[in-house]
Amino acid sequence: MQIFHIAAAFFIALLSGLGIGGGGLFTVYLALVGGAPQLEAQGFNLIFFLFCSSASVAVQLWQRKVRFAPVAIMAIAGIGGSLLGVWATGVLAEELLRKIFGAMLVTGGIISLRSLLMEKSK
């Protein structure tokens, strides 16, 4: 079973590297297949994201493709969103958080699919 989990993590990391949003997939995998509680799965996802994003940042810096003004804006928004998320996990019930997370995944998927379909119709 261990090899299955390693293969799944590798496949999800590959999808993440291709820009498919592997973090959401990793959280769903951990919660459904791995049996991890929702908050624990999201915590593991953050660790997963740190390694993926660190590698991506290193490559982008090396290729000199980083525009620092948008990065600063996104960093400030990300810090604000993180603080809001920490507050929400302390105040809201886990079941409600699970539903909100699911709704965000479905909404993001619909937006991505719609964007892809509109792009292909051009």
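## Helix α3

In this predicted model, helix α3 covers residues 38–62, a run of 25 residues. The distance from its first C-alpha to its last is 36 Å, close to the 36 Å expected at 1.5 Å a residue. Just after α3, R64 adopts a positive phi of about 55°.

Five positions of this helix are listed as buried: Q38, A41, N45, F48 and S53. An α-helix has 3.6 residues a turn, so residues three or four places apart point the same way. Among the buried positions of α3, A41 and F48 also belong to the largest nonpolar core, whereas S53 is part of the lining of the second largest pocket.

## The largest nonpolar core

The largest nonpolar core consists of eight residues, namely A8, I12, F26, Y29, L30, A36, A41 and F48. Two or more of these residues come from each of α1 (2–17), α2 (22–32) and α3. The greatest contribution is that of α2, which supplies three residues. In soluble globular proteins, nonpolar side chains tend to be buried together.

## The aromatic pair

The model contains one aromatic pair. The pair is formed by F4 and Y29, with 6.3 Å from centre to centre and 50° between the planes, an arrangement classed as tilted. Because F4 lies in helix α1 and Y29 in helix α2, the pair ties together parts that are 25 residues apart in sequence.

The two partners may also be described by their accessibility. Y29 has a relative accessible area of 11% and is therefore buried, the cut-off being under 20%. F4, with a relative accessible area of 43%, is partly exposed, so F4 falls between that cut-off and the value of 50% above which a residue is exposed. Y29 is also one of the residues of the largest nonpolar core.

## The second largest pocket

The second largest pocket holds about 290 Å³ of space. Its lining is made up of S53, S56, V57, Q60, L61, K65, V66, R67, P70, V71, M74 and A75. By residue class, the lining comprises seven nonpolar, three polar and two charged residues.

Helices α3 and α4 (68–91) each provide at least two residues of this lining. The largest share is that of α3, with five residues. S53, one of the residues lining this pocket, is also one of the buried residues of α3.

How values were computed: Residues numbered from 1 in each chain as written. Predicted model: local features only at pLDDT ≥ 70, side-chain atom pairs only at ≥ 80, totals over all residues. Heavy atoms only, no water. Helix = DSSP H or I, 4+ residues; strand = E, 2+ residues; numbered from the N terminus. Expected span 1.5 Å × (residues − 1). Buried < 20%, exposed > 50% of the residue type's maximum accessible area, 1.4 Å probe, protein only. Core = buried A, V, L, I, M, F, W, Y, C linked by side-chain atoms within 4.5 Å. 1 Å grid on protein atoms, 1.4 Å probe; cavity = no way out; pocket = protein on both sides within 12 Å on 5 of 7 lines; lining within 4 Å. Points joined across faces, edges and corners; volume = space filled by probe spheres on them. Nonpolar A, V, L, I, M, F, W, Y, C, P; charged D, E, K, R; others polar. Phe/Tyr/Trp six-rings, centres within 6.5 Å; stacked < 30°, edge-to-face > 60°.
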